[in-house]
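Student: I should like to learn how the descriptive terms used for a protein model are justified. May we examine one together?

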Amino acid sequence: MTASADTRAIDALAVPSRGRYTIPTLTVRIRVHSAESRWGSGPFSPVVRPVVLDALCPQCGGLRGEPRNHRQHEDGVWFSVDIWSNPCGHTDTYAAVVEEAARREVVDLDCPVCEHIAPDGGETFGVRGSSRWAHVVLLDHMALHIARGLG
Ligand SMILES: [Zn+2]
Ligand SMILES: [Zn+2]
């Protein structure tokens, strides 16, 4: 992960400095080849399932494009999946999307600086989202404390 990716991620999101923030997600329908019967073992039956992805491009952290319906035809069978184009120009490959959906782990992180300086119940900052981006958002938030001199 590069510094520019982190900056773009934060730029694309309206992250408040207090309260709990949830990183936006995207639910898309993809074909699951691994769940389909193998060639020659029965009639072709495509399997399409919804998966949850981060709404952020994994390469640069910019917002992903809006999913749209895409009809496909294979072996006499029509089925629909979602496709999208990212405004940043990076392309999400099928293999990368399958892997991201399978590995995506949602975590809740709390800012240790907020908790330290507001022990009397003052509002703190926390973030919920995939571990990939939750850490980026928390680090960006903590940089605000450092800029203010921690107090
Ligand atoms: Zn991108
Ligand atoms: Zn904080």
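The following dialogue sets several terms against the values behind them.

Tutor: Please bear in mind that this is a predicted model. The protein has four helices and seven strands, and from the N terminus its elements run α-β-β-β-β-β-α-β-α-β-α.

Student: What makes D75 exposed?

Tutor: A residue is called exposed if 12 or fewer other C-beta atoms lie within 10 Å of its own. D75 has 9 such atoms within 10 Å, and therefore D75 is exposed. This residue lies in the loop between β4 and β5 (77-83).

Student: Why is G62 called partly exposed?

Tutor: The buried class begins at 20 other C-beta atoms and the exposed class ends at 12, with partly exposed in between. G62 has 19 other C-beta atoms within 10 Å, so G62 is partly exposed. G62 belongs to the loop between β3 (48-54) and β4 (68-74). In space its C-alpha is 6.1 Å from that of A12, although 50 residues separate the two in sequence.

Student: What share of the protein is buried?

Tutor: Buried residues account for 13% of the 151 residues. In α4, the buried residues are W133, A134, V136, V137, L138 and H141.

Student: Which residues make up the largest nonpolar core, and what makes it a nonpolar core?

Tutor: The term requires buried residues of nonpolar kinds, joined through C-beta atoms within 7 Å. The largest such core has 12 residues: Y21, I23, L56, C57, C111, F125, V127, W133, A134, V136, V137 and L138. Both β7 (125-130) and α4 supply at least two residues each, and the largest share, five residues, comes from α4. In soluble globular proteins, nonpolar side chains tend to be buried together.

Student: Which residues does C111 touch, beyond those up to four places away in sequence?

Tutor: C111 touches T124, F125, G126, L138, H141 and M142.

Student: How do you know that the span of α4 is close to the expected one?

Tutor: Helix α4 covers residues 131-148, which is 18 residues, and reaches 26 Å from its first C-alpha to its last. The expectation at 1.5 Å a residue is also 26 Å, and the span is accordingly close to it. Just after α4, G149 takes a positive phi of about 90°.

Student: Where else is there a positive phi, in a residue other than glycine?

Tutor: D75 has a phi near 55°. Most residues other than glycine have a negative phi.

Student: How do you know that β6 and β7 are paired strands?

Tutor: Two strands pair if there are at least two bridges between them. Five bridges join β6 to β7, so the two satisfy the requirement. They run antiparallel. Among the bridge partners, D108 is matched with R128 in β7 and L109 with V127.

Student: Why is the pairing in the sheet called mixed?

Tutor: The open sheet has three strands in the order β1-β7-β6, with mixed pairing. β1 and β7 pair in the parallel sense over four bridges, whereas β6 and β7 run antiparallel. In the parallel pair, R20 stands opposite G126 in β7.

Student: What makes β1 and β6 edge strands?

Tutor: β1 (19-22) and β6 (106-110) each have a single partner strand, so one side of each is left without a neighbour in the sheet. The twist averages 15° from one strand to the next. Helix α4 packs on this sheet, touching β1, β6 and β7, and its direction makes about 155° with that of β7.

Methods. Residues are numbered from 1 along each chain as its sequence is written. Chains are lettered from A and ligands numbered from 1 in the order in which they are written. This is a predicted model: local features need pLDDT of at least 70, side-chain atom pairs count only at pLDDT 80 or more; totals for chains, interfaces and linings use all residues. The expected span of a helix is 1.5 Å times one less than its number of residues. Two residues are in contact if their C-beta atoms, placed from the backbone, lie within 7 Å. Axes are lines fitted to C-alpha atoms, for helices over the stretch in contact, and angles run from 0 to 180 degrees between N-to-C directions.
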